[in-house]
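Me: I have just opened this model and would like to go through it slowly with you. Please keep the answers plain, as I am new to this.

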Amino acid sequence: MCGIVGFVGAEECADFLVKSLKRLEYRGYDSAGIAVFSGGKIKTVKAKGKIAEGLEKKLAEDGKPSGTCGIGHTRWATHGEPSDVNSHPIGNGRVSIVHNGIIENYRELKAFLSEHGYGFESETDTETVAKLLDYYYDGDPVDAISKAMKDIEGAYALGIMFRDFPDRIFAIRKESPLIVGKGQGENFIASDVTAILDHTKDYYLLEQDEIAVVKKDKIRFLDSHGFEIEKELKTADWDLAAAQKGGFEHFMLKEIHEQPQAVKNTISPRIKDGTPCFDECGLSDEKLKNYKHIFIIGCGSAMHAGMVGKYIIEELSRSPVIVDIASEFRYRNPLISKDDLCVIISQSGETADTLAALKLANEIGADTLAIVNVVGSSIAREAKMVMYTNAGPEISVCSTKAYAVQAAFMYLLAFRVALAKGAIDEERCKTLTAELTGIPELIGKCIEEKAQYQYVASKLIYADSLLYIGRGLDYALSMEGSLKLKEISYIHSESYAAGELKHGTISLIDRDTPVIAVATQSALMDKTVSNVKEVKSRGAKVVMIYKSGTDIGKDIADYTIELPCVSDILMPLVTIVPLQMIAYYTSVLLGRDVDMPRNLAKSVTVE
Ligand code: F6R
């Protein structure tokens, strides 16, 4: 949700800013811009559209601003349509800012500033912050920032330049993430570490309301009262290769291929003596045994991974699990108590609704466990316990490996909960865990079957709409498969519990509405096969994804995809591959922008 970068050093910075913005483009790609101190002025170049189509063309036509200190921004529009004038950086020549987040009281601020003679060019909430900083500025930037922050309500990460201080940039954050990178004779600000990895891996995490004053050879941190503070320097364990395409056509395809290793990285460190072990965060058997309920909260794919968790925890431990969409949970006055465990799932660790749900669960006194990919992210820091999924950076907006590792984590949790509650014995737990450790290899095998996914995709590109159906765990997978497809191909699809079709949705079926039937659960196979027959007899073309060794009958589907045979309960971890690959190739064949689908952005830091 908007990417911010800033540089102060000895080298020309325009090229660096543009290159870094490209690495942050997955956060938003409606427009982009840079501002550089150049010849005593702040020179700004910005343009609507993706960086390659807008900003880079403009820089080539108008020339790059020359200077060694600057800020940049790639935008996901909230207030005001994508346009040159609404692009960031935004300022008035004296102050220039880049902003990630939403200023909730911007109307009041605008009215106040208008009364004091300020005019506004853009429709953005951000412009009110730039003008407010200018209003308070009387030669002391930190004082102006502190005063302005007292007036602003909402979420923000800001990179700020004052014309009178051409050797430094200022940064502040509240809710939205921002880091300060430490290099050799050059320093940085960035929304995340991938933007600066080719210069440094060392960074500071800016905390709520802290101000950073970043010069090329010195970084100062001040708390909200203006007192100087020391901060811990961290080192990223992601390298540049992890944030690059590495020969793949798209990040999505690369990240699908990274799934075997990513799942290994999630599960292996947590298996001790053949069973899952959560000592790293203090999640003891005693605690797991005594929780009355387990809540699992997330958004989008993270919530879908939670759905897998619900089915398997309930199946193995016979205790109830409530899965909720974070944006629903937070406004529901949820029935969670201090006797419950709230598992929060998030790749980015910054999703606004998920973070708010976590804070609510904390306030109520529930135990909170974050399953997060990005180390040091807000959700990781806010939760009482945290475990990282170790998947490396996920750049494609469409989540693949993050979903796979989140789902894989659900298995560790389910096995341990069941063991702690005495619902399975150690022997069974060890058998299940051993089978889980063999899954990454099978995921790799499924990925190799590209031709069949391409073939299915070639049949789907003509559809206006399709249905994904399944029962039980297969329904949970259908939800994820449907989301993948619509997100990146723009073909409408819905996921349906197969047994629900007859209660209304089957009226949508005709010969132009393909159906993807996920049927990997032995106990439910006959039921799903009946549903497939029902849609086929109404003209639908059916793709059936099933487990090898299952007798699905002759000519049941128009196309079948056979998956490796593992225990039913573990099937989701291999079933996800064809669903991802079919969505990927459909998007490619339709010529969509796979990694940056329209209207979307990764890391949804606004409500
Ligand atoms: C779908 C997708 C989203 C995210 C959701 C949560 O492909 O990527 O649905 O899963 O926005 O994001 P995180 O996991 O960062 O909280």
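Me: Let's start small: which residue in β21 stands opposite Ile-344?
Reply: Ile-344 has Ala-370 in β21 opposite it. Before going on, note that this is a predicted model, in which local features need pLDDT of at least 70 and side-chain atom pairs count only at pLDDT 80 or more, while totals for chains, interfaces and linings use all residues. Residues are numbered from 1 along each chain as its sequence is written, and side-chain values use heavy atoms, with hydrogens and water left out.

Me: How many bridges join β20 to β21?
Reply: There are 6 bridges between β20 and strand β21 (residues 367–372), and the two strands run parallel. Strands here are DSSP runs of E with at least two residues, and helices are runs of H or I with at least four, both numbered from the N terminus. Two strands count as paired if DSSP finds at least two bridges between them.

Me: And in what order do the strands of that open sheet come?
Reply: The order is β19-β18-β20-β21-β22, which makes 5 strands in an open sheet with parallel pairing. At its edges stand β19 (321–325) and β22 (385–388), each with a single partner strand, so one side of each has no neighbour in the sheet. On average, and with direction ignored, neighbouring strands of this sheet are turned by 20° against each other.

Me: Which strands does α9 touch when it packs on the sheet?
Reply: The helix α9 touches β18 (294–298), β19 and β20, and its direction makes about 170° with that of β19. Contact means heavy atoms within 4.5 Å, and angles run from 0 to 180 degrees between N-to-C directions of lines fitted to C-alpha atoms, taken for helices over the stretch in contact. Helix α13 (residues 401–420) also lies across strands, namely β18, β20, β21 and β22, and runs at about 160° to β20.

Me: New topic: what about the open sheet of 8 strands, is its pairing parallel or antiparallel?
Reply: Its pairing is antiparallel, and the order is β3-β2-β4-β1-β10-β9-β11-β15. The edges are taken by β3 (41–48) and β15, each with a single partner strand, so each has one side without a neighbour in the sheet.

Me: Which pairs join β11 to its neighbours?
Reply: Strand β9 (residues 179–182) is joined to β11 (residues 202–205) by 3 bridges, and Ile-179 has Leu-205 as its bridge partner. Between β11 and β15 (residues 234–235) there are 2 bridges, with Tyr-203 partnered by Lys-234. Elsewhere in the sheet, β2 (residues 31–38) and β4 (residues 69–75) share 6 bridges and run antiparallel, and Ile-34 stands opposite Gly-72 there.

Me: Which strands does helix α1 lie across?
Reply: Helix α1 (residues 14–24) lies across β1 (3–8), β2, β4 and β10 (187–190), at about 155° to β1. Helix α2 (residues 55–62) lies across β2 and β3, running at about 130° to β3.

Me: Now for empty space: which residues lie nearest the centre of the largest pocket?
Reply: They are Cys-299, Gly-300, Ser-301, Ala-601 and Val-604, out of 28 lining residues. A pocket is an open set of points on a 1 Å grid over the protein atoms alone, where a 1.4 Å probe fits and protein lies on both sides within 12 Å along at least five of seven lines, and lining residues have an atom within 4 Å of a point; a cavity is a set where the probe fits but cannot get out.

Me: Which elements each supply at least two residues of that lining?
Reply: These are α9 (300–317), β20 (341–346), α11 (352–364) and α17 (473–489). At least three lining residues come from each of domain 2 (251–437) and domain 3 (447–596), whose bounds come from an automatic or database domain assignment. The centres of these two domains, taken over C-alpha atoms, are 26 Å apart, and their contact takes 30 residues from domain 2 and 27 residues from domain 3.

Me: Which strand gives the most to the lining of the largest cavity?
Reply: Strand β6 (residues 95–103) does, with 3 residues. The lining includes Cys-2, Trp-76, His-88 and Asp-125.

Me: Last one: which residue does a cis peptide bond join to His-88?
Reply: The partner is Pro-89, with omega about 0°, and Pro-89 lies in the loop between β4 and β5 (90–91). Most peptide bonds are trans, and most residues other than glycine have a negative phi. Tyr-490, although not a glycine, has a positive phi of about 65°, and Tyr-490 lies in the loop between α17 and β24 (492–497).
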